[in-house]
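I opened a new page for this chain and wrote down what I looked up, entry by entry.

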Amino acid sequence: MAITDMPQTAAPDPPVSRPPVAASDAPEKVSEAARGVSRPDKRKAIKPKRDRFVAVLPYFAAIFGTLVGGIGFATSYHTLANQALSWGFEDLSRWFPIGVDASILAFLALDLYLILKGIPWPVLRMAAHGMTCATIWFNASVQGEMSADPVKSASHGVMPILFVIGVEAARRLFIQKAQLEAGTVTDRIPLHRWILSPVATPRFYRRMRLYRVTSYPEMIQRQQDLIAYEQWLKRKYDGDLSKASEDERLPMTMAPYGYTVAQALAMPEQQEREAEARAEEAERRRLDAETRQELARKQAEADRLEAEGKLEAVRARVEGETGQARAHARAQVSAAERAAELEEAALETALVAEARAREAEAERKEADECEAKAAADVRAAELERQAAEKRRLAAEADRVAAAEAQAVETVEIAEARQRAAEADRVAAEAEKAAAETRRRAAEADRLTAEEDERRATADANTQAARKREAETELAAAEARLAAAEVERRAVEIEDEAKLTSRQRAVRKVARMALAAGLVPDGLAYDDIHHELCERISIADVRHAFDVSSTDTASKYRQEAVALLAGGYRP
């Protein structure tokens with residue numbers, strides 16, 4: 001074996017104690033579980049008959065222990081009752097022994113219960129022992145001076161002692177069982193070690209108790225490993241342990257603190273790993289902190305941008321409402337101007353219609369003149385016809401006279417004259433028909449002129465009505481423009497005053513009432529309420545603020561009445 005190699009332990013490995021199993025997992029009895037704790041020596045297997053005998057022993061112990069306890073309490077009760085009577089406790093003589101003995105039972109039972117729960121309290125045990133000593137003293141002092149007859153005094157005090165011994169045995173059993181279930185059973189150091197090594201054994205015992213080494217063989221193994229490691233270091237450095245490094249001397253340094261050789265040698269590496277883990281954890285926390293700071297900064301930036309966006313949205317909304325009101329007013333003004341232009345055009349049209357009417361009147365007069373002229377022509381034609389008839393008659397007379405006088409004209413000449421006369425007649429009739437036609441045409445022109453005049457009058461009336469409507473619309477547009485301007489100023493004032501949405505709504509209802517013609521100056525509260533309710537209905541308030549609750553709209557109106565009565569004027 002090389003000098004640098006770690007040697008094996010000097011002695012062969014003793015059997016290491018197995019961890020105790022829970023009571024529910026142990027197939028054997030408690031006594032066998034207790035024997036499951038390894039010992040350096042080998043024990044023979046318990047025979048079946050002996051196993052059955054051991055299993056019956058607790059029952060015998062419980063029966064006879066109860067019997068001994070009952071006898072002890074009975075004798076103690078009789079003795080203490082007589083002693084209480086001798087002390088003058090006439091009414092309490094029967095309860096005094098019960099109180100003393102019951103306190104012992106209560107303290108011991110509670111101590112056992114706390115041990116089973118893993119939270120022992122030594123004060124209960126000391127109190128039970130104190131009451132036991134008092135019971136023994138009371139029982140021993142019944143016969144007077146104990147020195148006078150110590151045998152009788154001991155006989156009276158031995159029964160409580162027997163009961164306490166039985167309870168202590170049960171307590172030890174419960175403690176052992178609880179330690180087996182919890183895996184904290186501690187081996188006892190053999191008596192021969194205390195005798196053979198009286199100096200080192202107290203340190204050995206101290207290490208086992210301080211660092212909870214419950215197995216005695218395991219502690220022996222640790223001691224042997226430490227001695228073997230120390231001998232190995234001496235061989236490595238020629239007996240001079242000062243040449244060894246601090247890490248190599250760690251097993252000797254940490255042995256008094258309950259460390260094994262392997263644990264002590266692994267400590268530097270473990271500490272380095274833990275230091276690295278701490279450094280990594282610190283770096284992780286630092287990165288997490290930076291991440292949280294960055295997230296907080298970005299969240300704050302996002303909140304700021306969101307707030308700015310909301311502010312811009314409010315500004316845009318107010319500007320949009322103001323611009324909308326202004327655009328509406330401008331549109332109304334433009335409409336009024338357009339109506340004025342149309343009215344001017346209508347006036348011009350009326351003038352043109354009037355001129356046309358005058359022209360129609362002139363044409364009508366001209367038609368009348370033409371009609372008169374046609375009538376004169378008709379009369380002239382009639383006269384001419386009559387003259388023609390007369391000429392025809394004269395011609396006929398001339399013809400007869402000529403026929404009679406001359407009798408020389410031929411038939412052809414007479415027929416020619418007859419045809420000429422007939423042509424003159426047809427011409428006269430045609431001239432009459434033409435005159436009638438001209439008269440009818442003049443009458444039609446007169447009727448047309450009258451219709452044009454009526455139309456011109458109707459157009460003039462229409463234009464006048466449109467002019468009045470345009471003036472009314474212009475006045476309404478100016479009123480709406482003024483109301484929009486008032487609304488804009490009120491919104492600006494409310495923004496500066498940082499009013500709530502409800503206060504804004506109440507003020508808007510008040511402005512709606514004022515815009516509707518309400519004049520609250522000089523009116524009482526009830527009159528203002530009556531006037532406002534006539535001009536502004538609950539439906540108007542619900543429509544203006546898009547609220548579904550009638551009660552909310554009614555409250556808006558009532559608060560608006562109070563606001564107007566208080567002198568609110570936008």
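Before the first entry I fixed what a helix is: a DSSP run of H or I with at least four residues, numbered from the N terminus. With that settled, I looked up Thr552 and found it in helix H15. The model is a predicted one.

Entry: Thr552. I asked whether Thr552 is buried, exposed or partly exposed. Its relative accessible area is 23%, so I noted Thr552 as partly exposed, since buried requires a value under 20%. I then looked at Arg502, which is 50 residues from Thr552 along the chain. The C-alpha atoms of Thr552 and Arg502 are separated by 10.0 Å.

Entry: the chain as a whole. I counted 15 helices and zero strands. Of the 570 residues, 23% are buried. I also checked the contacts in the chain with a separation of 6 or more, and 59% of them are between residues 24 or more positions apart.

Entry: aromatic pairs. How many aromatic pairs does the count come to? I recorded four aromatic pairs. I looked up Tyr229 and Trp232, whose ring centres are 5.6 Å apart and whose planes stand at 40 degrees, so I entered the pair as tilted. Both residues belong to helix H8 (residues 216-236). Because Tyr229 and Trp232 are three residues apart in that helix, about one helical turn separates them. I found Tyr229 buried, and Trp232 buried as well.

I went on to Phe545 and Tyr556, which form an edge-to-face aromatic pair. For Phe545 and Tyr556 I noted 5.6 Å centre to centre and 75 degrees between the planes. Phe545 is in helix H14 (residues 538-545) and Tyr556 is in helix H15 (residues 550-565), eleven residues apart. Phe545 and Tyr556 are both buried.

Entry: H7 and H8. I looked up how helix H7 (residues 200-210) lies against H8. The two axes come within 11 Å and cross at roughly 115 degrees. I entered the crossing of H7 past H8 as right-handed. Which residues meet where H7 and H8 touch? On the H7 side I listed Phe204, Arg207 and Met208. On the H8 side I listed Tyr216, Met219, Ile220 and Gln223. Phe204 came up again when I looked at Arg193: the charged end of Arg193 sits over the ring of Phe204, 4.2 Å from the ring centre.

Entry: positive phi. I looked up Arg212, which lies in the loop between H7 and H8. Arg212 is not a glycine, yet it has a positive phi of about 55 degrees. Its relative accessibility is 75%, so Arg212 counts as exposed. Asp238 is in the loop between H8 and helix H9 (250-254). Asp238 is not a glycine either, and I noted a positive phi of about 55 degrees for it. With a relative accessible area of 71%, Asp238 is exposed. I also entered Gly118, just after H3, with a positive phi of about 80 degrees.

Entry: helix H3. H3 (residues 96-116) has 21 residues. I noted 31 Å from its first C-alpha to its last, close to the 30 Å expected at 1.5 Å a residue. Which residues of H3 are buried? I listed Phe96, Pro97, Val100, Asp101, Ser103, Ile104, Leu108, Asp111, Leu112, Leu114 and Ile115.

Entry: Arg511. I found Arg511 in helix H12 (residues 501-515). Is this arginine, Arg511, buried or exposed? At 7% relative accessibility, Arg511 counts as buried. I then looked up what Arg511 touches, leaving out residues up to four places away in sequence. The list reads Val486, Glu487, Ala490, Glu494, Arg504, Tyr568 and Pro570.

Entry: Val167. I found Val167 in helix H5 (residues 150-182). Val167 has a relative accessible area of 13%, so I entered it as buried. I checked Val167 against Gly69, which is 98 residues away in sequence. From C-alpha to C-alpha, Val167 and Gly69 are 9.3 Å apart in space.

How values were computed: Residues are numbered from 1 along each chain as its sequence is written. This is a predicted model: local features need pLDDT of at least 70, side-chain atom pairs count only at pLDDT 80 or more; totals for chains, interfaces and linings use all residues. Side-chain values use heavy atoms; hydrogens and water are left out. Rings of Phe, Tyr and Trp (its six-membered ring) pair if their centres lie within 6.5 Å; planes under 30 degrees apart count as stacked, over 60 as edge-to-face and the rest as tilted. Helices (H or I, at least four residues) and strands (E, at least two) are DSSP runs, numbered from the N terminus. Buried means under 20% relative accessible area, exposed over 50%, partly exposed in between (1.4 Å probe, protein chains only). A charge sits over a ring if NZ of Lys or CZ of Arg is within 6 Å of the ring centre and within 35 degrees of the ring normal. The expected span of a helix is 1.5 Å times one less than its number of residues. Axes are lines fitted to C-alpha atoms, for helices over the stretch in contact, and angles run from 0 to 180 degrees between N-to-C directions. A crossing is left-handed if the near helix is turned anticlockwise from the far one by less than a right angle, and right-handed if clockwise. Contact means heavy atoms within 4.5 Å.
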